[in-house]
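This report describes a structure made of protein chains. It begins with the place where two chains touch and then turns to features within each chain.

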Amino acid sequence: MLGITKDIVLRIAKYYLVALILLIPIPLAGDYITHVTILVMLYAVTAASLDILVGYTGRLSLGHAAFFAVGAYTSTLLAMNWGVSPWVGIFLGGLMASVFGLILGVPSLKLRGPYLAISTLGFGIIVWLMLINLDWLTRGPLGIPGIPPLPGIGPIDFRSKVAFYYVALAFTLISIFLLHLLTKSRIGKILMSIREDEDAALSVGVDVPLFKVYAFLIATFFAGISGGLYAHYLRYISPEISTLGESIYILSMTIIGGFGTLIGPVMGAAVLSLLQELLRSYLEYRYLIYGMLIILVMKFFPSGIYGIVQFILRKVRE
Amino acid sequence: MILEVDKVVKRFGGLVAVDNVSFSVSEGEIFGIIGPNGAGKTTLFNVITGFYKPDSGSIRFLGEDITGMKPNKLAKLGLTRTWQIVKPFLGMSVLDNLLVSIYATKGVIYGMSEGEAVRRAEEILEFAGLLHRRDVLAEALPHGERKRLEIARALATEPKLLMLDEPAGGLTPTEMDEVMEVVRKVRESGVTVVIIEHNMRVIMNVCERIMVLNFGRKIAEGSPEEISRNEEVIKAYLGERFHVRS
């Protein structure tokens with residue numbers, strides 16, 4: 001189905017097994033490292049999901065944080081107002097993010113290049129304004145504290161960082177694995193053909209609008225789920241998670257990591273998060289630094305960190 | 001008749017790019033469209049293949065009214081086209097370029113089995129003389145091979161009617177011969193071909209019937225011999241008496 005053969009699954013699964021083995025002992029390094037790694041993983045999924053739009057379909061989005069936020073608020077509100085279990089709520093948050101993805105994706109089908117970028121930017125700002133102004137629902141700029149944690153299973157309490165870490169690890173590996181399979185599937189190739197040339201894709205039978213919508217649905221779903229996990233992990237959310245700055249932060253990960261590679265954005269999430277931790281005392285300069293990094297990467301290493309890593313690996317092998 | 005174009009009009013503002021053009025193409029032939037630059041050839045192509053909607057008139061393909069139908073629908077029915085300025089999927093391998101056509105027309109979720117799809121794509125690559133380039137990125141191909149990839153990718157949709165927009169444009173004489181060889185083989189395999197071309201040597205040698213456009217209007221239609229003797233065509237386009245080489 002979808003042109004995914006057993007060969008492809010096995011070839012890719014290998015890497016995820018290695019990643020799993022490497023990441024299992026992380027909590028031994030202490031709470032701080034565990035905490036940072038959890039955030040890196042949630043951002044990694046979000047940046048990888050954005051890559052489906054930006055890198056594979058060629059649809060630049062400047063509003064991806066909005067979908068992360070929709071997932072976070074949906075799951076939070078469902079849990080706090082209607083007692084929906086976060087295990088279910090997070091999934092529903094992903095679906096709600098997809099609904100928002102549809103609301104943005106369908107009207108912007110015909111837009112290309114900068115026009116699409118501006119419409120996604122505007123959409124992100126609308127969501128941010130909604131979160132700030134729908135006081136009765138979202139408590140506005142105050143944000144929502146006291147979000148219930150993931151309900152424990154038996155003796156496992158997910159308020160502990162270590163326990164949550166393994167939930168996040170499973171979620172991250174499974175999500176990125178699924179996205180990875182998607183890029184290797186027939187859908188992945190169809191999306192790439194749209195990125196390369198929409199008219200040519202149409203002329204060989206590709207239903208371009210339909211697949212653009214698919215790309216939006218998939219990308220926003222995973223961003224929404226990441227947002228839900230984030231909410232039940234930090235147990236406090238505010239409209240801050242949906243700002244333009246946040247969208248650009250995620251886009252920076254995708255671009256600096258190397259868009260159109262899926263794994264690049266994961267690397268980008270790791271590198272930028274570490275950078276943010278290292279530069280804690282210079283936080284007001286962060287966008288300046290990201291901006292410069294994006295320019296440098298686009299100019300000298302368009303394939304991003306992923307490309308640099310591949311280049312080094314090739315040199316080492318020779 | 002595989003293609004029947006009836007009184008098609010396409011305007012852009014005040015400009016009538018295609019003015020009341022009618023013609024039909026019968027199954028298995030190579031039909032040529034010639035005319036000076038700006039005569040409306042490519043616009044006519046865009047109207048037939050669904051990229052533009054005609055202002056009036058109708059188009060029938062295999063007896064079915066396809067006026068205003070979307071290009072992707074038409075590709076699935078068996079009508080596809082190539083582009084004057086080639087549009088390969090540059091960042092994808094040559095094989096993947098063809099697989100996109102196969103997935104898109106045969107089905108993405110189920111469709112052909114993967115092995116079958118790859119085998120089919122390889123057959124077409126061999127047919128177009130590109131099999132040795134199978135795993136190369138399309139951006140690495142020289143212009144002549146890109147032109148053949150363009151045709152191969154269209155063939156992978158398994159068209160009944162293939163519309164070629166200047167397949168020999170911008171090529172060296174050797175590359176041109178290679179492309180025309182492919183076009184001839186396409187016809188032999190039973191696909192009907194409509195071709196726009198500027199190169200008279202190509203069009204006169206390969207086409208059975210030719211239509212001449214000028215300022216959006218059809219000014220002549222007939223065999224290469226008739227066209228090369230038509231006074232109006234000579235005045236508008238050929239400039240001097242053009243002799244058919246056999």
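## Contact between chains A and B

In this predicted model, the contact draws on 21 residues of chain A and 27 residues of chain B. On the side of chain A that touches chain B, the elements giving two or more residues are α8 (186–196) and α9 (198–203) of chain A. The most comes from α8(A), with seven residues. Sorted by class, that side of chain A has ten nonpolar, five polar and six charged residues.

## Helix α8 of chain A and the loop before it

How many of the residues of α8(A) are buried? Eleven of its eleven residues are, and the helix is mostly covered. Among them are A:Arg186, A:Lys189, A:Arg195 and A:Glu196, as well as A:Ile187, A:Ile190, A:Leu191 and A:Ile194. The buried residues of α8(A) pack against α2 (31–56), α7, α9 and α10 (208–234) of chain A, and also against α3 (94–106) of chain B.

A:Ser185 sits in the loop between α7 (161–184) and α8 of chain A. A:Ser185 counts as buried because 21 other C-beta atoms lie within 10 Å, and the cut-off for buried is 20 or more. Apart from neighbours within four places in sequence, A:Ser185 is in contact with A:Leu2, A:Gly3 and A:Ile4. A:Ile4 is 181 residues away from A:Ser185 in sequence, yet their C-alpha atoms are 5.4 Å apart.

## A helix pair in chain A

Helices α3 (residues 64–82) and α4 (residues 86–105) of chain A pack with their axes 7 Å apart, at an angle of about 140 degrees. The two helices, α3(A) and α4(A), are therefore oblique to each other. Their crossing is right-handed. Residues of α3(A) in this contact include A:Phe67, A:Val70 and A:Leu78, and those of α4(A) include A:Ile90, A:Met96 and A:Phe100. By class, the contact of α3(A) with α4(A) has twelve nonpolar, seven polar and no charged residues.

## The sheet of chain B

Chain B has an open sheet of six strands in the order β6-β7-β8-β3-β9-β10, with mixed pairing. Its edge strands, β6 (79–81) and β10 (217–222) of chain B, each pair on one side only. From one strand to the next, the twist averages 15 degrees.

Strands of a sheet pair through backbone hydrogen bonds, in either a parallel or an antiparallel sense. For β9 (residues 209–214) of chain B and β10(B), the sense is antiparallel, over five bridges. In their hairpin there are two residues between the strands, and B:Phe215 takes a positive phi near 50 degrees. B:Asn214 stands opposite B:Arg217 in β10(B), and B:Val212 stands opposite B:Ala220 in β10(B).

Two helices that lie on strands of chain B are listed below.

| Helix | Strands touched or crossed | Angle |
|---|---|---|
| α6(B), residues 173–188 | β3 (30–34), β7 (161–165) and β8 (192–196) of chain B | about 150 degrees to β8(B) |
| α9(B), residues 231–238 | β3, β9 and β10 of chain B | about 120 degrees with β10(B) |

Helix α6(B) lies across its three strands, while helix α9(B) packs on the sheet. Strand β3(B) appears in the row for α6(B) and in the row for α9(B).

How values were computed:
Residues are numbered from 1 along each chain as its sequence is written. Chains are lettered from A and ligands numbered from 1 in the order in which they are written. This is a predicted model: local features need pLDDT of at least 70, side-chain atom pairs count only at pLDDT 80 or more; totals for chains, interfaces and linings use all residues. Two residues are in contact if their C-beta atoms, placed from the backbone, lie within 7 Å. Helices (H or I, at least four residues) and strands (E, at least two) are DSSP runs, numbered from the N terminus. Ala, Val, Leu, Ile, Met, Phe, Trp, Tyr, Cys and Pro count as nonpolar, Asp, Glu, Lys and Arg as charged, and the others, Gly among them, as polar. A residue is buried if 20 or more other C-beta atoms lie within 10 Å of its own, exposed if 12 or fewer, and partly exposed in between; C-beta atoms are placed from the backbone. Two strands pair if DSSP finds at least two bridges between them. Axes are lines fitted to C-alpha atoms, for helices over the stretch in contact, and angles run from 0 to 180 degrees between N-to-C directions. Angles under 35 degrees count as roughly parallel, over 145 as roughly antiparallel, 65 to 115 as roughly perpendicular and the rest as oblique. A crossing is left-handed if the near helix is turned anticlockwise from the far one by less than a right angle, and right-handed if clockwise.
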